[in-house]
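Please look at the model shown here with attention to its sheet architecture and to its surface.

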Amino acid sequence: MMAAADPVQPFGRRGLCPALSVPMRTGDGFLSRIACEADIAPRDMAALCHFAELHGNGLIDITARGSLQFRGLTPESARALEKDVLALDLPLREGLAVETSPLAGRDDAEIADGRPLAAEIRKGADRLILHEKLAAKMSVVVDGGGHLSMGDLLADIRLKALSLDGRTFWRLLVGGPESRALNAGLVETGAAAGAVVSLLAFLAGKGPLTRGRDLDHSTIKTVCGDRLLDRVIADEARVASAPLGLMTTGKDCFAVAVAPAFGQIRACDLSHLCERAGTLGIKALRPSPNHSLLFFGSSSACNALLEIAGESGFITTAGDARSSIAVCPGAPGCASAFLPTHELAAFASEECASLLDGSFTLHISGCGKGCAHPAPSLLTFSGTAD
């Protein structure tokens, strides 16, 4: 738990991560972040919304990776928030970020369930105490395929499931989003976790500024040895998708995905949606990649919640112009920002809706760090000091 004299993190560059016990100073106070590794109940999310209003300014961000950020905290209220959140006993992620699809294990379209591999990687990294030696934003993605694309997430190391001749292999990619990552080759399922842990150990040995993008084919081959198969598979066409609305995740299993506009929501509005979900009999939800929320329940309950979410201002379809805009908190929420990004994004979504048809992402950045969309974008507006 954060002590009164503990230092806080600065805001001047990308590469730093706030946490529940280590809040980060920004423009609207301090910011704390949590990530859930499993489903939570709607009542738990409603409790988190209450804490956001009690201890902060009542604004909650859902990040591109599906983390929750509490804004407008003070050092004292951040400690109170930490105490209250821990008392809920939620499945919070600790240590190295090893991410799988929120639908893993219940997606009828996935090639493989990535959760066992992710657990093995976490166990290996914990055994070697790698988290304290790696870059703060070091991340691993284990993507078994399916309805929810993980391709847009930045990953230092990525395993992507591939089916060949009736067997499952894992494509090993390093550095960046899937479309721009270095394709290192294939590994078998039994060797995949060991290969990833070996690469993480190598990066840890090079210091906390070294990232997956610093790896090359020769280094990867040396580190992974014969675990990296000689068989070469050409890069497949990669079409990223961020499904919204109703999804079938298996026999009689359904999920509905909704997203707050521009990744930020007032806690009272989110709490209201969660309360309505509870009355519909929905017992589980998950903050998810692409700034979204997944609710799990019956077809009728999910359809009813989808209508409620739409009426409450949430994005419920991929065709919504707001879903084609990547935007950071901006001014005054972020102390690094020179632009009121949310105001500009709202203006663009109304005035340029016919152009924002999903064919490209408009990036509105408060400063030059580009936190909301680290990959290149066709069109970016970036705030500067002048």
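The following report treats a sheet, the helices beside it and a surface patch.

This is a predicted model, in which local features need pLDDT of at least 70 and side-chain atom pairs count only at pLDDT 80 or more, while totals for chains, interfaces and linings use all residues. Residues are numbered from 1 along each chain as its sequence is written, and side-chain values use heavy atoms, with hydrogens and water left out.

An open sheet of 5 strands follows the order β5-β6-β7-β8-β9 with mixed pairing, where strands are DSSP runs of E with at least two residues, numbered from the N terminus, and two strands pair if DSSP finds at least two bridges between them. Because β5 (97-99) and β9 (182-188) each have a single partner strand, they stand at the edges, and one side of each is left without a neighbour in the sheet. From one strand to the next, the twist averages 20°. Strands β5 and β6 (residues 139-143) run parallel and are joined by 3 bridges; A97 has S139 in β6 as its bridge partner.

Two helices (DSSP runs of H or I, at least four residues) accompany the sheet, with contact meaning heavy atoms within 4.5 Å and angles running from 0 to 180 degrees between N-to-C directions of axes fitted to C-alpha atoms, for helices over the stretch in contact.

| Helix | Strands | Angle to β9 |
|---|---|---|
| α4 (residues 189-205) | β6, β7, β8, β9 | about 135° |
| α5 (residues 217-224) | β8, β9 | about 20° |

Elsewhere, L379 lies in strand β17 (residues 379-382) and is partly exposed, with a relative accessible area of 39% (partly exposed lies between buried, under 20%, and exposed, over 50%, with a 1.4 Å probe and protein chains only).
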